[in-house]
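Student: Please pick one part of this model and take me through it closely. I am new to it, so show how that part is connected to what surrounds it.

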Amino acid sequence: MSEQWGLCKDCKWWQIEPDAVIEDPTCGYCIEQDLQPFHLRITGNGGCNRFMSGKPARAEGSSEKPPAAVPQR
């Protein structure tokens with residue numbers, strides 16, 4: 001876990017649809033290991049202290065309600 005807070009759109013734990021554009025309103029799925037049981041669906045301008053800088057993962061079903069995708073990391 002990072003000591004630093006960051007935005008989902010800049011986090012490697014954020015997973016979005018394969019053809020989605022990385023923007024503030026884009027909905028995705030938080031795939032951070034401890035948060036996976038919650039099937040957390042969140043937009044790119046959300047954020048938390050589990051932030052890990054990197055490119056978001058991509059998988060079909062990441063923006064569904066609840067997310068239906070399998071975590072890719």
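Tutor: Start with Asp24, which has 33% relative accessibility and therefore counts as partly exposed. Bear in mind throughout that this model is predicted. The partner of Asp24 is Lys9: the two form a salt bridge, and their closest N and O atoms are 2.5 Å apart. Lys9 sits in the loop between β1 (6-7) and β2 (14-16), while Asp24 sits in the loop between β2 and β3 (27-30), so this bridge ties together parts that lie 15 residues apart in sequence. Lys9 is also partly exposed, because its relative accessibility is 23%, a value between the 20% limit for buried and the 50% limit for exposed. As a general point, side chains of opposite charge can pair when their charged atoms come close.

The loop that holds Asp24 also holds Thr26, again between β2 and β3. Thr26 has 13% relative accessibility, so Thr26 counts as buried. What does Thr26 touch, if its neighbours within four places in sequence are left aside? The contacts are Trp14, Ile16, Ala20 and Val21, together with Ile42, Thr43 and Gly44.

The two strands on either side of this loop pair with each other: β2 and β3 run antiparallel, over two bridges. Within that pairing, Gln15 faces Tyr29 of β3. On to the next strand: β3 and β4 are also antiparallel, and three bridges join them. Here Tyr29 stands opposite Arg41 in β4. These strands belong to an open sheet of four strands, ordered β4-β3-β2-β6, in which the pairing is mixed. At the edges are β4 and β6, each of which pairs on one side only.

Tyr29 appears once more, as a member of the largest nonpolar core. That core has six residues, and the others are Cys11, Trp13, Ile31, Phe51 and Ala57. With neighbours within four places in sequence left aside, the contacts of Ala57 include Ile31, a fellow core member, as well as Gln15.

Back to charged pairs. How many salt bridges does a search of the whole structure find? There are three. Besides the pair of Lys9 and Asp24, Arg50 meets Glu32 in a salt bridge, at 3.5 Å from N to O. Arg50 lies in the loop between β5 (47-48) and β6 (57-58), and Glu32 in the loop between β3 and β4 (41-43), so the pair ties together parts 18 residues apart in sequence. Is each of the two buried or partly exposed? Arg50 is partly exposed, because its relative accessibility is 23%, whereas Glu32, at 11%, counts as buried.

Arg50 also meets Asp34 in a salt bridge, at 3.1 Å from N to O. This pair too links distant parts of the chain: Arg50 is in the loop between β5 and β6, Asp34 is in the loop between β3 and β4, and 16 residues separate them. Asp34 has 48% relative accessibility, so Asp34 counts as partly exposed. Through shared partners, these salt bridges join Glu32, Asp34 and Arg50 into one network.

Note on methods: Residues numbered from 1 in each chain as written. Predicted model: local features only at pLDDT ≥ 70, side-chain atom pairs only at ≥ 80, totals over all residues. Heavy atoms only, no water. Core = buried A, V, L, I, M, F, W, Y, C linked by side-chain atoms within 4.5 Å. Buried < 20%, exposed > 50% of the residue type's maximum accessible area, 1.4 Å probe, protein only. Contact = heavy atoms within 4.5 Å. Salt bridge = Lys/Arg side-chain N within 4 Å of Asp/Glu carboxyl O. Pairing = 2+ DSSP bridges.
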